[in-house]
Amino acid sequence: MQKQFLLLGCLFFLGITFGTAQWIQKKGTGYYKVGTWFLEANQHYTDKGLLDPNATRGIFVTSLYGRHGITDKITLVGYIPFTRVYQNEQIFTSGNPGQPGEAVNSFGDIDLAVEVQILKRPKWVLATSLTLGIPSGNNSGGSDGSYQTGDGEFNQIVKVLAGTSFKIAKHSFYAKGSLGVNNRSNGYSDEIRLGFETGSQVFKNKFLFLVRLNTIQSFFNGSLSALNSNGSIFANNVEVTNLGGEINYFITKKWSASFGYSIPLSGKNIYKAPALAGGIAYKL
Amino acid sequence: MYKKTLLFFSFLLYLSCIGTDVTDDYVDPTLRITSPQIISIKVGQKFQFTAKYFDTSGTQIENPNLIWTVSPPDALTIDDSGFATATSDGVATIQVSVVTALGSTISAETSFPVREVVTVITETATMTVDSGTTTTSDINTSTIDSGTTTSTLTDASTTTTTVSDTSSTTTDTDSTPTVDDDVVVTSPQSYQGTIRTTSSYELTGSYEYGLNDAGQLVLDIGDDYVASTAIPRLFVYLSNNPNSPSGAYEIAEVTVFSGAHSYVLPSSIDISDYKYILYWCKPFIVKVGDSTIF
C-alpha cells in the first residue's frame with residue numbers, strides 16, 4: 001500500500017512559489033535556469049489548518065527550467081526536477097532503539113506547458129497556459145513508501161495570466177496575476193490556484209526585487225483518504241497560502257543569479273516551514 | 001560572483017544533510033504488582049505474588065532481581081520468588097523492590113488483612129478527582145466463618161474513577177472477588193475508558209478492555225469513536241510508555257475511522273500487562289492520542 005504525505009503538497013506549492021513567471025517569449029528567444037530549493041520541516045498544517053509536530057523531513061530539489069518562444073505568441077515551458085527527500089535520524093531519550101535517517105533521490109514530476117498570448121497592449125498582456133504534470137517521479141520511495149518525489153498522477157493545469165507595467169514616482173514596476181484550475185486524477189481533489197507578483201529593477205537595472213503571493217485552494221472533491229489510501233492522503237486536499245520574495249542580480253545582460261525565500265501563511269495538509277531557493281539563469 | 005554562487009549552492013546542499021531528532025519519551029521506571037489484589041487471607045494459607053518491572057522506555061525487563069519484604073515481619077513469610085504464607089492475624093504489607101539500571105531503588109506495595117476467618121469485602125467505591133479533589137466511597141464488609149463454601153461469594157465490585165482534568169481519562173473497572181483456599185482476591189475483568197486526542201487531529205471514543213465470553217482479551221471500541229481520515233498510517237498500540245510505542249504491543253494499523261469495532265488480542269497478553277492505549281502516526285513519529293487503562 002502506497003502512502004504519500006506532505007512532501008507532495010510542498011512540491012506543488014514550491015513550484016508556484018519559485019516558478020519563474022516570465023512574459024511570453026519572442027520567437028527564438030528563451031530563458032533557462034538551473035535552480036535549487038530547499039525546505040526542512042518539523043511541523044505541518046493538519047486537515048483543520050492547525051499545527052502539529054512531525055519527524056523532521058527535508059526536500060532538496062535541483063531543477064532545470066526552460067522556456068522558449070517558438071513564435072511571437074507561443075512559448076513552450078519545461079521543468080525537470082531532481083529531488084532528494086530525507087528524514088532525520090530519530091533518537092529517543094528513554095534509550096529505546098532509534099530509527100536511522102533515510103533519504104531517497106530521484107527525478108520528480110516533470111511539468112510541460114504551453115503558453116499562448118491572447119492579447120497584447122502597450123501597458124498589459126493577457127495569456128493562457130496549459131501545463132501537464134507528468135508522473136515521472138517516484139511515488140513509493142523509501143522503506144515505508146512515504147519518501148515520494150512524485151504523486152503518481154497525471155494532472156492538467158489551465159491558467160489565465162495577465163501582466164502590466166506601471167510607474168510610481170517615475171520608477172517602473174510590473175505586476176502579474178494568474179488564475180488557474182488544476183484537474184487532478186487518481187482520486188485527488190481538484191484545485192484552484194491564484195497568484196500575484198510584483199517587482200521592480202533597481203540600481204541601474206542590476207537588481208530585480210520581487211514579491212509573490214500564491215495560494216492553492218482545494219475543491220475537496222477527491223476520493224482519497226485514510227479509508228482507501230492506495231495513494232496519497234497528504235498530497236490530497238492540500239491548501240496553502242504562501243508569501244515569498246526574490247532577488248535577482250544581473251551579472252551580465254544574459255546571465256543572472258537569484259535568491260528566494262518564502263513562508264507559508266496558512267495551509268492544510270502541508271508542511272509549515274520556510275523555503276530557500278537559488279538559481280543561475282541565462283537569457284537567450 | 002561565481003565563487004559566491006558556488007558557496008551558496010554548497011550551503012543549500014549542506015542543509016539537505018540528514019540530521020538528528022531527539023524525542024523525549026523517558027518515563028520513570030515502574031514496578032507493578034501484577035498478582036490479583038488480596039482482599040483477605042486466612043492464617044496458614046499460601047499465595048504467590050508476582051510483579052513486573054518496566055524500564056525508562058516502558059519495556060518490561062525479564063527476570064528482574066526482585067526483593068520481597070513484608071511488614072510486620074510476623075504477619076507473613078515470603079521467599080525470594082514472592083511466595084507467601086500467612087502466619088498471624090493483622091494487617092500485612094507486602095513490598096517488592098528492585099534496583100534500576102540507574103542505581104536507584106523503586107518499589108511497590110500492597111496491604112491486606114490476615115484473619116483467622118475469611119473476610120469478604122463487597123465494595124462499591126466512587127472516587128471523583130477534579131480541581132476540588134472530592135473522594136467518596138461506600139464499603140460493605142461481611143465476615144463469614146472459616147470453611148464457608150465459595151459459592152456465595154459472587155458479588156461484583158465496581159470502582160469508578162473520574163478525572164475531569166483535560167489531560168486525564170475516565171476509567172471504569174469491573175472486578176469479581178473470588179475465593180481460593182480461603183484467600184479472597186479480586187482480579188480486574190475489564191476496564192472502560194475514553195480515548196482522547198493529543199494532537200490537532202480528531203480522535204475520540206469510549207472503549208472497554210477486557211475478557212469476552214470466550215475468554216479472549218478484547219479491546220472493544222465504542223459507537224462514539226471517531227478518528228480523522230486525514231491521519232496517515234495511524235496505528236494503535238498497548239504500551240507502558242505513554243509517549244512512544246517502543247516496547248509496546250502493536251495491535252494493528254487503524255482502518256476503521258468511525259463507529260464500533262474490536263481488536264482481539266493474543267492469549268500471551270494479560271489484562272494487566274499494559275497500562276496505556278496509544279495511537280501513533282508512524283510516518284510523523286508522533287503520538288496522536290491515548291488513554292490510560294488503569
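## A tour of chains A and B

Start by selecting L76(B), which stands opposite A86(B) in β9(B). The model is predicted: local features need pLDDT of at least 70 and side-chain atom pairs count only at pLDDT 80 or more, while totals for chains, interfaces and linings use all residues. Residues are numbered from 1 along each chain as its sequence is written, and chains are lettered from A and ligands numbered from 1 in the order in which they are written.

**Small sheets of chain B**

Widen the selection to β8(B) and strand β9 (residues 83-86) of chain B, which run antiparallel and are joined by three bridges. Strands and helices here are DSSP runs, numbered from the N terminus: E over at least two residues for a strand, H or I over at least four for a helix. Two strands pair if DSSP finds at least two bridges between them. Adding β4 of chain B completes an open, antiparallel sheet of three strands in the order β4-β9-β8. β4 (46-48) and β8 (76-78) of chain B each have a single partner strand, so one side of each is left without a neighbour in the sheet. From one strand to the next the twist averages 20°, with axes as lines fitted to C-alpha atoms (for helices over the stretch in contact) and angles taken between N-to-C directions from 0 to 180 degrees.

Next, select β2, β5 and β6 of chain B. They form an open sheet of three strands in the order β2-β5-β6, with antiparallel pairing. At its edges are β2 (30-33) and β6 (60-61) of chain B, each pairing on one side only. Strand β5 (residues 51-54) of chain B meets β6(B) over two antiparallel bridges; Y53(B) has I61(B) as its bridge partner in β6(B).

**The cores of chain B**

Zoom out to chain B as a whole, which has one helix and 24 strands. Of its 294 residues, 30% count as buried, meaning that 20 or more other C-beta atoms lie within 10 Å of the residue's own; 12 or fewer make a residue exposed, values in between partly exposed, and C-beta atoms are placed from the backbone.

Now show I231(B), L234(B), I277(B), L278(B), Y279(B) and V288(B). Of the 29 residues in the largest nonpolar core, these touch the most other members. Such a core is a set of buried Ala, Val, Leu, Ile, Met, Phe, Trp, Tyr and Cys residues joined through C-beta atoms within 7 Å. Two or more residues each come from β16 (183-197), β17 (203-211), β18 (217-221), β20 (234-239) and β23 (276-281) of chain B. β23(B) gives the largest share, six residues. A separate core of 21 residues includes I38(B), I41(B), I78(B) and I94(B).

Back in the largest core, pick V288(B). Beyond four places in sequence, the contacts of V288(B) include T197(B), Y201(B), L203(B), I231(B), L234(B) and Y279(B). A contact means that the C-beta atoms of two residues, placed from the backbone, lie within 7 Å.

Move to L217(B), in strand β18 of chain B. Buried or exposed, L217(B)? L217(B) is buried, because 20 other C-beta atoms lie within 10 Å. Not counting residues up to four places away in sequence, L217(B) touches L211(B), L265(B), I269(B) and I271(B).

**Where the chains meet**

Display both chains: 39 residues of chain B are in contact with 44 residues of chain A. On the chain B side, α1 (2-15) and β1 (20-23) each supply at least two residues, and α1(B) gives the largest share, five residues. This side of chain B comprises 19 nonpolar, 15 polar and five charged residues; Ala, Val, Leu, Ile, Met, Phe, Trp, Tyr, Cys and Pro count as nonpolar, Asp, Glu, Lys and Arg as charged, and the others, Gly among them, as polar.

Select β1(B) with strand β4 (residues 89-92) of chain A. The two run parallel, joined by four bridges, and E89(A) stands opposite T20(B) in β1(B).

**Chain A**

Follow strand β15 (residues 275-283) of chain A, which pairs antiparallel with strand β1 (residues 30-45) of chain A over nine bridges. W37(A) has A277(A) as its bridge partner in β15(A). Strand β13 (residues 255-268) of chain A also pairs antiparallel with β15(A), over eight bridges, and there Y261(A) is matched with L276(A).

Finally, colour chain A by pLDDT, the predictor's confidence in each residue from 0 to 100. The average is 87, and 89% of the residues score at least 70. Over residues 1-10 of chain A the pLDDT is below 50, though the stretch has 48 contacts beyond near neighbours in sequence in the model. Residues 12-20 of chain A stay under 50 as well, with 25 contacts beyond four places in sequence. Where pLDDT is low, the predicted coordinates should not be read in detail.
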